[in-house]
Amino acid sequence: MHSLNEEKLKTELLTVNMGPQHPATHGVLRVEIKTDGEIVAQAIPHLGYLHRCMEKHSENLDYRGVIPFCDRMDYLASMSMELGYVLAVEKMLGTEVPRRAQYIRTLVCELQRIASHLMFFGTYAIDLGAFSPFLYAFQDREIILRIFEELSGVRLLYNYIWIGGVWNDINDDQLKRIKEFCITMSESLKKYHSLVGENKIFIERTRSIGVITKDLAFEYGATGPLLRGAGVKWDLRKDRTYSIYNEFDFDIPVGSGEKGTLGDCWDRYYVRMQEMHESIKIIQQCLDGIEEGAIIGKVPKNIKLPKGEIYQRTECPRGELGYHLISDGNKKPYRLKVKSSCFTHVSMLPDIAPGLMIADLVASIGSVDIVLGEVDR
Amino acid sequence: MEYINSKVSGANAVVSKGDAGDSSIIISPQHLKEVCRQLKDGEHEFQVLQVITGTDFLAENLIEVSYILASFTKNSELILKLRLPRGDENNLPKVDSVVEIWKAADFQERECYDMIGVEFLGHPDLQRILCPYDWQGFPLRKDYVTPEKYLDMVINPISKMNIEDREFGAKHAHIKGASTSVDNYKVDPPATVSETETV
């Protein structure tokens with residue numbers, strides 16, 4: 001009799017498609033979720049909705065022509081995307097970059113990091129049901145975008161960092177505004193954190209949710225705030241320094257499991273908030289140290305790289321970005337492979353998701369902070 | 001290199017280096033798994049598999065698969081390479097999967113299969129990832145020809161091509177180093193352009 005009842009009450013898993021058009025997936029990601037009631041039993045990410053054949057395109061373009069394509073990968077952190085590619089080409093060419101250009105590059109990349117993390121801060125709050133932080137974040141992000149617009153002429157896809165230097169010089173007025181922005185920003189960041197990060201509801205929603213342990217992060221090759229959120233003190237800017245980051249003094253914030261488990265959503269959120277403070281520190285040192293001089297070095301008109309290959313890693317807002325560039329001695333890249341951190345992070349979903357509530361899955365995806373342009377390239 | 005050769009017999013590790021940039025280590029594909037396990041658990045501690053890349057060398061009839069490894073404790077990185085015969089549509093190059101060693105290999109191998117057409121033996125779910133699941137051909141191979149149709153949709157319809165750019169490129173093709181030259185596009189420019197070019 002008992003077994004008959006169980007037979008009758010047997011339930012099946014329900015398949016729900018989250019996306020490809022879903023506000024919580026931050027773009028066009030489709031996650032096929034098998035749910036048991038409200039609990040996720042399995043999550044399968046389906047990618048490729050934003051695949052724009054960047055790698056194939058770059059095989060048919062000269063070395064300068066690839067830079068705008070790099071912009072379009074992670075459209076929220078275009079400056080950082082450009083820097084990695086440009087560094088790889090410069091290393092192969094052996095170009096010397098003027099000091100002023102190096103300073104400007106560091107400046108814009110750190111401003112970009114703040115802009116990108118502000119975007120995370122705003123959209124993550126939306127994911128968890130708070131709308132107003134989004135408006136605050138965009139207000140501040142707008143100041144950065146305005147400066148970028150003056151520098152490069154574009155708001156999001158800059159094509160600003162060129163091989164050998166940067167395209168346009170920065171003037172004193174812009175430097176002054178960046179200086180003022182730094183002061184107001186570090187004040188408002190504290191406000192934002194007390195508004196969202198210390199909020200009881202926010203903490204309840206994020207503590208011990210979507211835990212990524214150190215072992216899991218290594219297994220999948222997760223980088224950036226995910227890895228630091230898991231308590232690993234690793235930042236390419238410090239550990240494998242590039243450009244002129246070795247001259248600056250800053251800390252690497254790591255997660256501590258303060259509100260719940262080590263490596264949970266709250267830790268990742270907190271690491272990003274702290275990183276913005278560190279970026280402000282770097283920008284202030286940059287402003288103090290910036291030198292007069294040329295903004296672009298000597299680069300041949302027709303760029304031809306010597307035969308060989310290079311793998312260049314840089315620390316982007318979302319994690320490590322790697323360019324594997326293979327050259328056959330011609331004026332076009334023979335093969336350009338992009339190691340995108342978001343691609344790696346999406347592949348972790350099937351391991352994070354099982355056992356979570358659907359709403360917590362949204363919180364987990366949000367805290368990983370993916371940009372689908374970079375995932376699909 | 002010596003470390004690999006001493007730990008795994010028959011791996012035939014050779015260092016290769018171009019005129020500039022990083023050097024890499026080429027090993028024989030049969031011993032990939034042993035070498036990877038040794039690199040992960042051994043003294044070099046390569047805990048992280050960063051990326052798996054495939055490169056098609058049409059002239060040498062080779063496909064090169066690169067495994068880029070990194071160590072966060074020893075702060076080092078390594079490019080490990082395999083050279084496989086190119087094969088054809090029915091006989092793809094085959095290599096052992098390393099999913100058991102690094103979970104990161106799961107998506108990376110799928111992408112490599114999708115783009116270059118390398119079959120990874122023992123992969124739990126080897127299917128396309130960026131292209132649609134029923135796509136034909138491997139786009140990043142050098143001899144890949146873009147199909148004209150996918151399902152019922154025309155690829156690269158003439159109404160959506162940027163004709164002005166093409167005409168501009170054709171007009172300025174004689175300028176050396178101009179990035180707008182027509183050969184940057186795989187699709188032929190419209191017929192009218194070639195006439196203006198001769199003028």
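Of the 377 residues in chain A, 61% are buried, in a model that is predicted. The secondary structure of this chain consists of 16 helices and eight strands.

**Overall dimensions and packing**

For a chain of 377 residues, a compact globule would be expected to have a radius of gyration near 21 Å, and because chain A has 22 Å, the two values agree. Taken along the principal axes, the box filled by the C-alpha atoms of chain A is roughly 85 × 50 × 35 Å. Among the contacts in chain A with a separation of 6 or more, 71% join residues that are 24 or more positions apart in the chain.

**Surface and charge**

The accessible surface of chain A comes to about 14,200 Å², and carbon and sulfur atoms account for 53% of this surface. Chain A carries 46 positive and 51 negative side chains, with the centres of the two sets lying 4 Å apart.

**The contact between chain A and chain B**

The area buried between chain A and chain B is about 4,200 Å², with 53% of that area given by carbon and sulfur atoms. On the side of chain A, E219(A), E309(A) and Y334(A) supply 15% of the area that this chain buries against chain B, which is more than any other three residues supply. The residues that each chain brings to the contact are set out below.

| Chain | Residues in the contact |
|---|---|
| Chain A | 46 residues |
| Chain B | 50 residues |

Terms used:
Residues are numbered from 1 along each chain as its sequence is written. Chains are lettered from A and ligands numbered from 1 in the order in which they are written. This is a predicted model: local features need pLDDT of at least 70, side-chain atom pairs count only at pLDDT 80 or more; totals for chains, interfaces and linings use all residues. Side-chain values use heavy atoms; hydrogens and water are left out. Helices (H or I, at least four residues) and strands (E, at least two) are DSSP runs, numbered from the N terminus. The radius of gyration is taken over C-alpha atoms; the globule rule is 2.2 Å times the number of residues to the power 0.38. Buried means under 20% relative accessible area, exposed over 50%, partly exposed in between (1.4 Å probe, protein chains only). Contact means heavy atoms within 4.5 Å. Accessible areas come from the Shrake-Rupley method with a 1.4 Å probe; for residues, only the protein chains shown count as cover. Lys and Arg count as positive and Asp and Glu as negative; His and the chain ends are not counted. The place of a charge is taken as NZ of Lys, CZ of Arg, CG of Asp or CD of Glu. Buried area is the accessible area (1.4 Å probe) that two parts lose on being put together, summed over both.
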